[in-house]
Number of protein chains: 2
Amino acid sequence: MSQLTFKLNERLYLRDPQTTILGQKIIEKGIELIDILGFEHFTFKKLAAEVGSTEPSIYRYFENKHRLLHYMIAWYWSWMDYRLDLATTSLPNPVEKLRVAIRVITEEKKYDPTFQHVDEEALHRIVVGELEKTYLTKWVDDDNQAGLFGGLKSLTKKISGYIHEIAPDYPFPNSLISTIILAANEQLFFSQHLPALSNIEKQLPVAEQHNKLKAFIESIVFGVLRK
Amino acid sequence: MSQLTFKLNERLYLRDPQTTILGQKIIEKGIELIDILGFEHFTFKKLAAEVGSTEPSIYRYFENKHRLLHYMIAWYWSWMDYRLDLATTSLPNPVEKLRVAIRVITEEKKYDPTFQHVDEEALHRIVVGELEKTYLTKWVDDDNQAGLFGGLKSLTKKISGYIHEIAPDYPFPNSLISTIILAANEQLFFSQHLPALSNIEKQLPVAEQHNKLKAFIESIVFGVLRK
DNA sequence: TAAGTATGATAGTATTACTACTAAATTTGC
DNA sequence: GCAAATTTAGTAGTAATACTATCATACTTA
C-alpha cells in the first residue's frame, strides 16, 4: 500500500517522526494528549508514559513541546493545502475557487483515512485552541526565519491570490485571508465558550454551526469584493 | 485632585490593587515587566524584586499571574469603553458612531494622563501579544462564569448594537465586531512579525500603519453593510 | 562479527508556582 | 497613650516542570 505523507520543514524536528514507529506514536498520542489536557498541562513525561517510552527518548525527536505543537500545526496546514488543491484543481475561475476555499476553511473536519495515525478532528480542536501559542512567543522572529510558519503563509498566499485575480485593486488581500482563517477558528471557540462574542449558537447541530460560520465568512469576503 | 478609576470585577483580584501603594506599584511595574519579558517569562518573583517587595505579598493581591493579566486586560477594555463613550456621546446616528468606534479600535494608543501609573502604550502591546492567553485556557468557562470577560463582552455588545441599528437584518453583528477587534490586534502583530500575513508594511511610519489598519477594518465592516 | 545507531533507564539541576509559618508594623478600642 | 487586634511583610519550604548527562542495551548493517 502506498503511504501519502507531507514533507515538512526539517527545522520542526530533531529526528523525523515519520520514519520510526516511536516517532509515529509520538505524533499520534501527542495529538490525543494535547487535545485532552490542553497544551499547558501536556508534558513530555506524560507523553512518554502514554507511548511506553521515556522522556529523553521524546527529546530526541523534538527540542521541546513547543516544537511538537509547531509540527502538528504545520501538518494541519499542509493537510488544508492538500485538500484545497484537491477541491479547486478542476475549477474554472477564481470566484469559484474562492468559494471552495471558504468551504474548506469553514467546514467540519472529519477523520481522513488517507492519513492513518493522525486524528484530524482532534488536531482541528488543537488548532482552534492552541494555534496562537505558536506565534505569540518571544521566538516568533527566529521561528519565522526558520520557516516554521511556511504552511500557514503559503495557504494564505494561495487564497489571497484568488482575491487578487478577482479584485486587483483591493489593497488588503493577505490581511483579509489571514483574518478569515483566524476568525473561522475564533468564532468556533467563541460559540462554545464565549457566546456573547458570536452569533453561532452552541445548541445548533454541528453541521448547522459550520453552515453559519461559512455564511459569516462569506458575508465578509463577498462584502469586501462587492462594489 | 480627583482620581478617575474604573470599578473592575471583584473576582479579578484578592485585594483591590487600586487601594494601596503596593497594589498600584504591582500594576505599574507589572505592565512594564510583562511588556519587556512577555507573559511566559514574567514571574511574581521578578515582579516582587522590581517593586521592592516579596512574592507572597504579590500573591495577596492576585491569585496567580494569569489573574493579574486578566486584571490588566479588563482595565484596557474599560478604558476603551470609556474612550468610546467620550467620542460618541455627541454623535447623531449609528453610522457615525460605528465610524468613530472603528477609529477608536484601530488608532495608535498613547499615554493617557487621566490615569497615572498606567502606561497605555505598553498595555496595548500586552493586549496585542497576550490577550488570547486569557481565554485559551482550560478555565475559560469558569472565568467566563465569574464575569472576567465582561469588559470585552460589553464593548462588543455596544458596537454590535450600532450594526444592528444600521442593518437589523444582518445575522452576525457580534461575530463581526469580535472579529474586527481581534483582527485589529492580529494585523498589527503580523505586520511586525509575520508580514506575509498582512498588507500593512512594517517600514511605514506608525501613524500610516494605523491609517491602513483603519482602512482595512472599514473595508470589512462597510463591505458587509453595503448592499 | 564488529561498529554504529536507536532506545531505554536512572539520576540530577534550575526554575516555577505556590503555601505554611513567623515576625513586624499598624490600626483601633478604651 | 497603650495593649490587643489586625493587617502586612519576610523566610523557608514543596511539588512539578523542563530539561540534560551518563550509561547500558538492543538491534542493524557493513
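Which helices of chain A and chain B each supply at least two residues of the surface near DNA strand D? They are helix 3 (55–59) of chain A and helix 3 (55–59) of chain B. Helices here are DSSP runs of H or I with at least four residues, numbered from the N terminus, and a residue is near a strand if its C-beta atom, placed from the backbone, lies within 6 Å of it.

A quick word on the ground rules: this is a predicted model, in which local features need pLDDT of at least 70, side-chain atom pairs count only at pLDDT 80 or more, and totals for chains, interfaces and linings use all residues. Residues are numbered from 1 along each chain as its sequence is written, while chains are lettered from A and ligands numbered from 1 in the order in which they are written.

Back to the DNA. Around strand D there are 15 residues, and A:Thr43, A:Asn64, B:Thr54, B:Pro56 and B:Ser57 come nearest.

Now for the two protein chains. In chain B, 39 residues are in contact with 39 residues of chain A, contact meaning C-beta atoms, placed from the backbone, within 7 Å. Helix 10 of chain B gives the largest share of the side that touches chain A, with eleven residues.

Chain B lands on chain A after a rotation of 180° with 0.0 Å of shift along the axis (RMSD 0.0 Å), fitted by least squares on the C-alpha atoms of residues with pLDDT of at least 70 in both. The two copies are therefore related as by a two-fold rotation axis. Both copies use the same surface, as 100% of the contact residues of chain B recur in chain A.

Definitions and conventions:
Two residues are in contact if their C-beta atoms, placed from the backbone, lie within 7 Å.
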